[in-house]
Amino acid sequence: MPATKAQALVTDLVVMDSDPVADAEALERLALWALQRYAPIVAADPPDGLVIDTTGADHLHGGEELMLSGMVNRFHGSGIAARAAIADTWGAAHAGARFLAQPTIAIAPGAQGELIANLPIAALRLDPSIVHGLRVLGFNTIGDLARQPRAPLALRFGPELGRRLDQAIGRIAEPIDPIRTPELIEVRRSFGEPIAAAETIARYTAKLVAKLCRLLEEKGLGARRVDLLFHRVDNSYQAIRAGTATPVRDIKRLTRLLTDRIETIDPGFGIEIMSLTASHAEPLTATQVISSLVEEPEADVSGLIDILGNRIGQRRLFRFAPVASDVPERSIARIAPLTPDGGETWPGHWPRPTRLLLHPEPIETMALLPDHPPVSFTWRGVRRRVRRADGPERVFGEWWKRDAELVAVRDYFQVEDDAGARYWIFRSGDGEHGETGSHRWFLHGIFG
Amino acid sequence: MPRPVDNAVVSKLRERIQRLEGTSGRGRQVLPFGVTEIDRRLPGGGLALGALHEVAGGGNGAIDGAAAALFCAGIAARSKGKVLWCVTRPDLFAPALAQAGLSPGRVIYVEAGDEKALLACMEEGLRHGGLGVVVGELARLPMTASRRLQLAAKRSGTIGIAIRRWRRQAEASDFGQPTASTTRWRVSVLPSAPLPVPGVGRARWLVELIRCRAGESADFEVEAPDAKGRIALPSDLVHGSPEEEARRHRAAG
């Protein structure tokens with residue numbers, strides 16, 4: 001479409017010259033950002049894509065689906081419309097991200113063949129002339145193409161067509177050449193004879209870590225994230241990524257973090273190159289640890305946090321911090337486990353239950369309105385008589401959050417049944433005015 | 001209970017047995033409850049450091065584990081160092097732990113996906129040695145797993161606590177199975193202390209010491225932890241019944 005026609009269609013259209021060089025550079029920068037953030041093997045997929053090998057890295061971001069949606073949201077936040085797909089192969093993920101309707105999709109392992117069968121041939125990363133030629137012959141989808149005998153097609157269009165098809169379905173491997181920048185601190189080791197045994201890998205990991213730590217020390221840095229890449233003899237990569245909560249230069253600790261995950265590595269026919277990169281480093285200066293003037297310092301648990309965080313995911317490791325809110329479920333916030341402790345706590349003058357149900361559960365009650373606790377209530381099919389009760393503690397809605405909370409009220413009671421079990425129940429509404437709530441009763445917590 | 005024999009030969013023999021069992025040295029350090037009645041029943045006069053302890057709730061508490069969790073929070077509040085609290089179900093309410101003296105800055109929570117991962121996290125925490133207490137909420141605790149935890153705790157001197165918490169009441173019979181833990185407690189709720197005015201008084205528990213290595217089982221009626229994590233005997237029990245009090249006065253006078 002000529003620019004004049006486009007301008008006629010859209011008013012105030014901004015026209016810019018295309019700048020492929022700047023585009024490629026920007027893509028490269030984006031790839032480096034993804035390298036820092038998501039996984040050790042990242043490459044630019046020009047002209048408009050990034051390819052990331054997320055094997056063994058997705059659990060750190062809460063699973064594949066969450067990682068994808070998080071990724072797309074993050075791009076959206078910085079003004080980039082993005083689509084993402086995860087699949088067994090580069091080819092299928094490439095096609096899925098560009099030609100499927102969903103903005104994010106995680107294609108199940110082994111399902112890529114049937115999923116891409118309905119996509120147009122243009123999804124195969126072929127030369128436009130081949131695509132055009134195929135369309136002339138009456139092929140529209142990848143499925144049409146896959147069902148044809150190969151030889152005549154190869155004779156007419158060359159070996160490229162069969163190769164791309166096999167790459168997308170996963171019959172042949174397609175290694176990703178990971179992006180690296182000169183300022184990254186990297187050490188590598190090549191082996192004359194490929195190695196495969198876990199013990200050998202562990203031994204060389206330790207040697208590489210020692211080398212890396214020396215380099216880091218020269219620059220006064222500590223690693224926040226290290227990537228161990230295994231270059232296999234069949235020209236593909238395997239990777240281990242380990243993150244730390246604070247900058248680390250301790251050989252033993254880094255080795256431990258990496259060797260913990262060796263069993264996730266499939267050495268295949270052997271590993272010929274191992275490279276270790278500090279993909280994220282921060283300044284680390286020496287600090288005085290022990291002084292006789294101050295009292296005995298608390299033991300450093302950052303090593304433990306790193307080990308657990310790499311095993312089960314950073315976001316599953318947290319501390320609770322107080323939030324200034326009277327609504328119980330909003331009064332806690334999860335923070336990173338090593339956030340400095342300011343000593344804040346919750347106001348302690350109101351009783352709080354040991355267990356707080358995720359969703360308040362509706363209960364059947366008999367109660368006098370407006371301000372009496374129930375005489376009895378039925379929860380999960382069991383009727384309990386209330387022997388003692390305390391309350392109400394009135395919690396008002398937070399009008400600055402939502403309009404609907406402008407007049408909302410909850411009246412909390414602590415009640416004790418015959419056996420001594422104590423529960424935290426509330427009535428939604430103040431017992432007099434219908435607009436303050438439904439006046440139904442809920443059980444919200446269990447006291448210890 | 002017969003009085004222990006104060007004999008040089010016997011005490012030497014005891015020491016030798018303890019050395020053989022590997023419970024000497026660090027294993028002898030304890031965290032007292034600060035309640036003479038309870039500490040008297042525990043070997044060493046308190047909850048052993050560097051050991052695994054099991055706590056379960058009685059009745060409904062076997063499912064919600066609320067009282068058991070608060071009991072452990074009280075122990076953790078009186079210990080030194082950070083606390084690792086491993087859960088699979090995220091229903092623990094931190095403000096309640098803070099009211100038992102366990103400030104939010106001291107507790108690191110681990111939300112494990114399943115019990116296998118939780119056991120691994122607990123073991124890692126116990127091995128580390130820099131923590132005061134490692135708490136894990138578990139339904140199943142096989143012998144092998146408990147043995148691993150016990151050994152890890154013994155090496156580092158950290159208290160390990162397994163809060164046993166089941167999905168269904170019927171599964172709670174699992175608590176009878178043998179494990180390698182040093183002590184086993186059951187905490188059940190009792191009607192709270194009566195107040196002269198309408199309201200709910202301080203919570204009362206029946207704490208049963210079901211199993212105790214090198215000690216005897218016992219049960220105590222206690223009041224829930226205060227703001228410093230200390231449990232206490234109810235005052236009416238400490239001073240005995242009024243008649244007894246009067247008799248004591250007469251005897252003293």
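**Figure 1. Strand E11 of chain A pairs with strand E16 of chain A.** This is a predicted model. E11(A) covers residues 355-367, and E16(A) covers residues 441-446. The two strands run antiparallel. Five bridges join them. Pro362(A) has Phe442(A) as its bridge partner in E16(A).

**Figure 2. E11(A) also forms a hairpin with E12(A).** Strand E12 of chain A spans residues 374-379. Its pairing with E11(A) is antiparallel and runs over four bridges. Met366(A) is bridged to Ser376(A) in E12(A). Six residues lie between the two strands of the hairpin.

**Figure 3. Chain A is divided into three stretches assigned as domains.** Domain 1 takes in residues 24-169, domain 2 residues 188-283 and domain 3 residues 355-446. The C-alpha centres of domain 2 and domain 3 of chain A are 56 Å apart.

**Figure 4. Helix H3 of chain A has a buried side and exposed residues on the other side.** H3(A) consists of 14 residues, 64-77. At 1.5 Å a residue, H3(A) should span 20 Å. Its end C-alpha atoms lie 20 Å apart, which agrees. Which residues of H3(A) are buried? They are Met67(A), Leu68(A) and Met71(A). These buried residues cover an arc of only 100° around the axis, so they sit on the same side of H3(A). An α-helix has 3.6 residues a turn, so residues three or four places apart point the same way. The buried residues of H3(A) pack against strand E3 (84-86) and strand E4 (104-106) of chain A. On the other side of H3(A), the exposed residues are Asn73(A), His76(A) and Gly77(A). Just after the helix, Gly79(A) adopts a positive phi of about 80°.

**Figure 5. Helix H8 of chain A lies largely in the open.** H8(A) has eight residues, 150-157. How many of them are buried? The number is zero, which is why the helix is described as lying largely in the open. Burial here would take 20 or more other C-beta atoms within 10 Å of a residue's own. Gly158(A) comes just after H8(A) and takes a positive phi of about 90°.

**Figure 6. Chain A and chain B meet through 44 residues of each chain.** On chain B, several elements each supply at least two residues of the side that touches chain A. These are helix H4 (66-78), helix H5 (94-99), strand E5 (107-111), helix H6 (115-128) and strand E8 (183-190). This side of chain B has 26 nonpolar, twelve polar and six charged residues.

**Figure 7. Strand E9 of chain A pairs with E5(B) across the two chains.** E9 of chain A covers residues 317-322. Two bridges join the strands, which run antiparallel. Leu317(A) stands opposite Val110(B) in E5(B).

**Figure 8. Val207(B) is a buried residue in strand E9 of chain B.** This strand of chain B covers residues 204-212. Is Val207(B) buried or exposed? Val207(B) has 23 other C-beta atoms within 10 Å, so it counts as buried; the cut-off is 20 or more. Leaving aside neighbours within four places in sequence, Val207(B) is in contact with Trp185(B), Val187(B), Asp219(B), Phe220(B) and Val222(B). Glu221(B) is 14 residues from Val207(B) in sequence. In space, the C-alpha atoms of Val207(B) and Glu221(B) are 6.1 Å apart.

Technical notes: Residues are numbered from 1 along each chain as its sequence is written. Chains are lettered from A and ligands numbered from 1 in the order in which they are written. This is a predicted model: local features need pLDDT of at least 70, side-chain atom pairs count only at pLDDT 80 or more; totals for chains, interfaces and linings use all residues. Two residues are in contact if their C-beta atoms, placed from the backbone, lie within 7 Å. Ala, Val, Leu, Ile, Met, Phe, Trp, Tyr, Cys and Pro count as nonpolar, Asp, Glu, Lys and Arg as charged, and the others, Gly among them, as polar. Two strands pair if DSSP finds at least two bridges between them. Domain bounds come from an automatic or database domain assignment. The expected span of a helix is 1.5 Å times one less than its number of residues. A residue is buried if 20 or more other C-beta atoms lie within 10 Å of its own, exposed if 12 or fewer, and partly exposed in between; C-beta atoms are placed from the backbone. The arc is that of the directions from the helix axis to the C-beta atoms.
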